[in-house]
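Q: Please take a close look at one part of this model, the place where a helix of one chain packs against its counterpart in the other. Please also set that part in the context of the helices around it.

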There are 2 protein chains.
Amino acid sequence: MNLLEKTIESIGPQDQEWRAKARERLEQLTMPHWALGRLMDLAEDLAGMSRSMQPPVKRKAIVTMAGDHGVTAEGISKYSQAVTQQMVHNFVNGGAGINALAGCIGARVIVVDMGVAGDLEKLIQTGRVVAGSIGKGTQNIAAGPAMSREQAIRSLEAGIAVALEHDSSTDVFGTGDMGIGNTTPSAAIAAVITGLPPAEVTGRGTGIDDDQLEHKLKVVQRALDVNKPDPTDGVDVLAKVGGFEIGGLAGLILGAASRRKPILIDGFISTAAALIAHTLAPAASDFMIAAHRSEERGHRAMHEHLGKEPLLDLNMRLGEGTGAALAMHLVDAARAILTEVSTFGEASVSEAEE
Amino acid sequence: MNLLEKTIESIGPQDQEWRAKARERLEQLTMPHWALGRLMDLAEDLAGMSRSMQPPVKRKAIVTMAGDHGVTAEGISKYSQAVTQQMVHNFVNGGAGINALAGCIGARVIVVDMGVAGDLEKLIQTGRVVAGSIGKGTQNIAAGPAMSREQAIRSLEAGIAVALEHDSSTDVFGTGDMGIGNTTPSAAIAAVITGLPPAEVTGRGTGIDDDQLEHKLKVVQRALDVNKPDPTDGVDVLAKVGGFEIGGLAGLILGAASRRKPILIDGFISTAAALIAHTLAPAASDFMIAAHRSEERGHRAMHEHLGKEPLLDLNMRLGEGTGAALAMHLVDAARAILTEVSTFGEASVSEAEE
């Protein structure tokens with residue numbers, strides 16, 4: 001059995017007993033019943049994931065995976081492919097949005113090269129970027145598969161390896177992506193797995209205009225027509241219309257779930273990875289926390305497919321893990337509610353009269 | 001000129017030049033245009049409030065004001081009036097929801113007695129509760145005015161005094177409330193100032209059932225019929241259908257705005273106070289940040305009246321300042337975006353091709 005199969009097999013659901021134990025305490029806290037709403041839902045989730053009434057949340061890591069996409073040849077982005085590599089340098093130099101938001105919550109940023117079309121050797125040798133590259137960018141999905149099935153499995157396993165490597169030093173994971181053109185494969189994945197037409201899941205990415213959007217839609221449709229991915233087979237979807245960083249993120253999610261660690265799912269691309277992970281191991285979604293609803297069209301449908309309601313909705317559409325980093329504060333808050341608030345009995349406060 | 005008049009006179013709008021300066025930088029950050037959405041709007045607001053490209057946000061204070069309400073005699077709450085005082089003890093002992101959430105963001109909690117029907121002398125003498133009491137609870141608004149006009153002004157000035165007292169040690173304020181029965185006066189204030197019928201702004205408070213809600217609605221309607229508050233006169237609205245902690249919070253907001261400090265407006269009760277403050281000094285709303293949308297019916301209409309879109313929507317309905325504390329993390333994040341993210345030029349990242 002390979003690493004992917006072993007990981008999938010080891011993913012179990014949230015623990016109902018620990019959820020019930022947390023719920024019992026939360027219902028006794030000095031406040032009207034469930035008055036902190038989704039923070040309390042999240043506290044219950046954390047107890048069910050960690051099997052603990054003191055869910056560990058302190059050590060946080062955003063894993064930002066980068067990869068390039070052959071489909072940029074179709075002119076679906078406003079930015080040139082070179083920006084992927086430039087942004088990796090920006091990440092390691094601490095100048096990107098994710099660095100600022102991870103810094104606010106004390107999360108480390110782990111940058112992984114899953115398939116950037118450029119030379120990152122120096123950053124890898126100095127340990128500033130994790131080596132995970134499956135190739136120098138995918139093939140053009142509008143003309144054929146993004147990668148081979150074997151490469152798809154390797155990208156998933158590279159992501160699992162990152163989760164396992166950092167498991168002992170991380171309580172809460174977050175996903176992040178960088179890859180010029182990657183809203184196109186993500187829209188294709190969303191269309192395949194949710195069964196919705198491309199027009200309902202394809203958005204403006206970095207900010208293309210109406211004409212460009214019409215063109216992008218045709219590219220997504222062509223990717224589906226040319227490749228005919230099997231929606232029940234996550235590896236097939238990933239190989240045919242995915243991306244190396246998307247495979248890496250799907251693997252990261254599976255790896256985190258196999259270690260019962262909460263993982264905050266960032267935006268549109270990360271949620272496409274979550275769809276792949278969910279297709280491979282439905283129970284993995286018990287460890288996913290939908291961080292935010294991106295402005296990108298189709299994100300809502302992806303969350304609905306996963307049965308998730310995102311925590312934040314702030315008109316963001318950056319990726320990198322920025323939404324995941326922001327929502328980590330809510331994870332801290334949920335733990336604090338569970339562990340620090342007194343019950344009616346403890347605080348001698350009178351309960352409601354029925 | 002009294003303190004209230006002086007304070008109102010000293011409130012000016014956000015500074016358009018500093019907003020423009022911030023916007024210029026935000027538009028050059030290494031990301032697609034405005035890709036961090038509302039965090040960037042908030043960063044622009046902070047620059048306009050503070051007249052700085054490094055808006056100070058570090059020193060945070062949640063001011064939780066407590067008061068009792070004569071209208072509890074009408075049986076509009078599930079909890080007995082004694083709970084207000086019990087919760088004040090819970091706050092100073094660190095066992096309430098607000099303590100946990102303020103702790104997560106490093107905010108101090110300042111508890112103010114604006115009119116609790118109980119003896120808090122010991123807590124006041126030991127400096128754990130700030131003295132601001134206008135009386136041992138208001139009169140029953142279903143039978144007459146909550147307080148005299150003179151008391152209303154005193155409650156506003158007590159709130160202003162708290163803001164001025166803590167101004168030199170506080171960069172960001174947050175509002176919080178405690179007062180059994182206080183969703184009833186808040187609904188009455190909302191109905192008067194927004195002009196909506198009580199049914200559209202009256203909710204379940206701590207969790208009353210359908211019959212109790214119907215009764216509560218009648219109480220709100222009676223409060224309006226008996227008192228006929230003048231919607232253009234914030235002091236009249238406060239005196240006739242308000243509460244001492246609501247007046248204190250309205251004053252706190254005016255005081256913070258007069259010192260150009262951002263103030264996070266918590267839930268339904270705090271937003272009722274914000275409506276009063278806005279009626280007295282429309283420019284004060286330039287310093288208000290709507291922290292969250294509560295589950296309480298009518299909160300949306302109040303935000304619309306103020307022209308505010310709340311940052312968070314997490315099915316919360318606790319008050320105490322919990323929503324304000326939670327949203328303080330977004331204020332930190334907005335500042336970090338403005339001050340820590342590199343521009344395209346600084347990071348040598350290629351801009352979008354048009």
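**The α14 contact between the chains**

A: In this predicted model, helix α14 (residues 322-340) of chain A packs against helix α14 (residues 322-340) of chain B at an angle of about 150 degrees, their axes lying 10 Å apart. Since angles over 145 degrees count as roughly antiparallel, α14(A) is therefore roughly antiparallel to α14(B). The crossing of this pair is right-handed.

The residues that meet are A:Leu326, A:His329, A:Leu330 and A:Ala333 from α14(A), and B:Leu326, B:His329, B:Leu330 and B:Ala333 from α14(B). By character, the residues of this contact divide into six nonpolar, two polar and no charged. As a general point, an α-helix has 3.6 residues a turn, so residues three or four places apart point the same way.

The relation between the chains provides the setting for this contact. A turn of 180 degrees with a shift of 0.0 Å along the axis lays chain B on chain A with an RMSD of 0.0 Å. The two copies are thus related as by a two-fold rotation axis. Of the interface residues of chain B, 100% are also interface residues in chain A, so the copies meet through the same surface.

Another helix pair, within chain B, can be described in the same terms. The axes of helix α7 (residues 149-167) of chain B and helix α11 (residues 244-258) of chain B come within 6 Å and cross at roughly 45 degrees. That angle makes α7(B) oblique to α11(B), and their crossing is right-handed. The contact residues here divide into 10 nonpolar, eight polar and no charged. Among those on the α7(B) side are B:Ser155, B:Gly159 and B:Ala163, while those on the α11(B) side include B:Gly247, B:Gly248, B:Gly251 and B:Gly255.

Finally, helix α4 (residues 82-92) of chain A has eight of its 11 residues buried, so this helix is largely enclosed by the rest of the structure. The buried residues are A:Val83, A:Thr84, A:Gln86, A:Met87, A:Val88, A:Asn90, A:Phe91 and A:Val92. Their cover includes β1 (60-67), α5 (97-105), β2 (107-115), α6 (121-125) and β4 (172-178) of chain A, together with α15 (344-347) of chain B. Just after α4(A), A:Gly94 adopts a positive phi of about 80 degrees.

Methods. Residues numbered from 1 in each chain as written. Chains lettered and ligands numbered in written order. Predicted model: local features only at pLDDT ≥ 70, side-chain atom pairs only at ≥ 80, totals over all residues. Heavy atoms only, no water. Axes fitted to C-alpha atoms, helices over the stretch in contact; angles between N-to-C directions. Helix = DSSP H or I, 4+ residues; strand = E, 2+ residues; numbered from the N terminus. Parallel < 35°, antiparallel > 145°, perpendicular 65-115°, else oblique. Left-handed = near helix turned anticlockwise from the far one by under 90°. Contact = heavy atoms within 4.5 Å. Nonpolar A, V, L, I, M, F, W, Y, C, P; charged D, E, K, R; others polar. Least-squares fit on C-alpha atoms with pLDDT ≥ 70 in both. Buried < 20%, exposed > 50% of the residue type's maximum accessible area, 1.4 Å probe, protein only.
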